[in-house]
Amino acid sequence: AGVTSITSNRSACAALKDSGEVVTWGETRHGGDSSAVADRLAAGVTSITSNRSACAALKDSGEVVTWGETRHGGDSSAVA
């Protein structure tokens with residue numbers, strides 16, 4: 001309950017809850033495991049999107065959080 005939007009890619013999903021939290025599931029390497037960035041997805045997320053093998057969340061602060069397969073955008077540390 002409380003889900004406002006969902007996104008999916010080839011084998012993972014992410015749901016944005018009305019609390020601003022993101023919940024993920026599916027194949028780990030394609031974004032189904034967001035534990036590496038879970039603290040940044042716990043609140044304040046306003047939108048989510050995904051591509052072939054990675055996911056991204058936009059926070060109310062303007063921060064972008066990414067996870068999933070690095071070569072498909074899952075690591076945005078170089079531009080963050």
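**Strand arrangement and nonpolar core**

An open sheet of three strands, with antiparallel pairing, is formed in the order β1-β2-β3. Its edge strands are β1 (3-8) and β3 (22-26), each of which pairs on one side only. On average, and with direction ignored, neighbouring strands of this sheet are turned by 20° against each other. The model under discussion is predicted. Within the sheet, β2 and β3 run antiparallel and are joined by five bridges. L16 has V22 in β3 as its bridge partner.

A further open sheet of three strands has the order β4-β5-β6, and the pairing here is antiparallel. The edge strands in this case are β4 and β6, each pairing on one side only. Neighbouring strands are turned by 20° against each other on average, direction ignored. The antiparallel strands β4 and β5 are connected by five bridges. At one position along β5, K59 stands opposite V45. Strands of a sheet pair through backbone hydrogen bonds, in either a parallel or an antiparallel manner.

The largest nonpolar core consists of 11 residues, namely A14, L16, V22, V37, L41, V45, I48, C55, A57, V65 and W67. Two or more residues of this core are contributed by each of the elements β2 (12-17), β4 (45-50), β5 (54-59) and β6 (64-68). The bridge partners L16 and V22 are both members of the core. In soluble globular proteins, nonpolar side chains tend to be buried together.

The surroundings of V45, itself a core residue, were examined further. When residues up to four places away in sequence are not counted, V45 touches L16, G20, V22, R40, A57, L58 and K59. Among these contacts, L16, V22 and A57 also belong to the core. The contact list of V45 further includes K59, the residue that V45 stands opposite in β5.

A polar residue was considered next. E69 is located in the segment after β6. This residue is classed as buried because its relative accessible area is 12%, where the cut-off for burial is under 20%. The side chain of E69 is joined to that of H30 by a polar contact of 3.5 Å. With residues up to four places away in sequence not counted, E69 touches R29, H30, S53, A54 and G74. H30 thus appears both in the contact list of E69 and as its partner in the polar contact.

Technical notes:
Residues numbered from 1 in each chain as written. Predicted model: local features only at pLDDT ≥ 70, side-chain atom pairs only at ≥ 80, totals over all residues. Heavy atoms only, no water. Core = buried A, V, L, I, M, F, W, Y, C linked by side-chain atoms within 4.5 Å. Buried < 20%, exposed > 50% of the residue type's maximum accessible area, 1.4 Å probe, protein only. Helix = DSSP H or I, 4+ residues; strand = E, 2+ residues; numbered from the N terminus. Contact = heavy atoms within 4.5 Å. Pairing = 2+ DSSP bridges. Axes fitted to C-alpha atoms, helices over the stretch in contact; angles between N-to-C directions. Polar contact = N/O pair within 3.5 Å; in protein donor to acceptor, adjacent residues only side chain to side chain.
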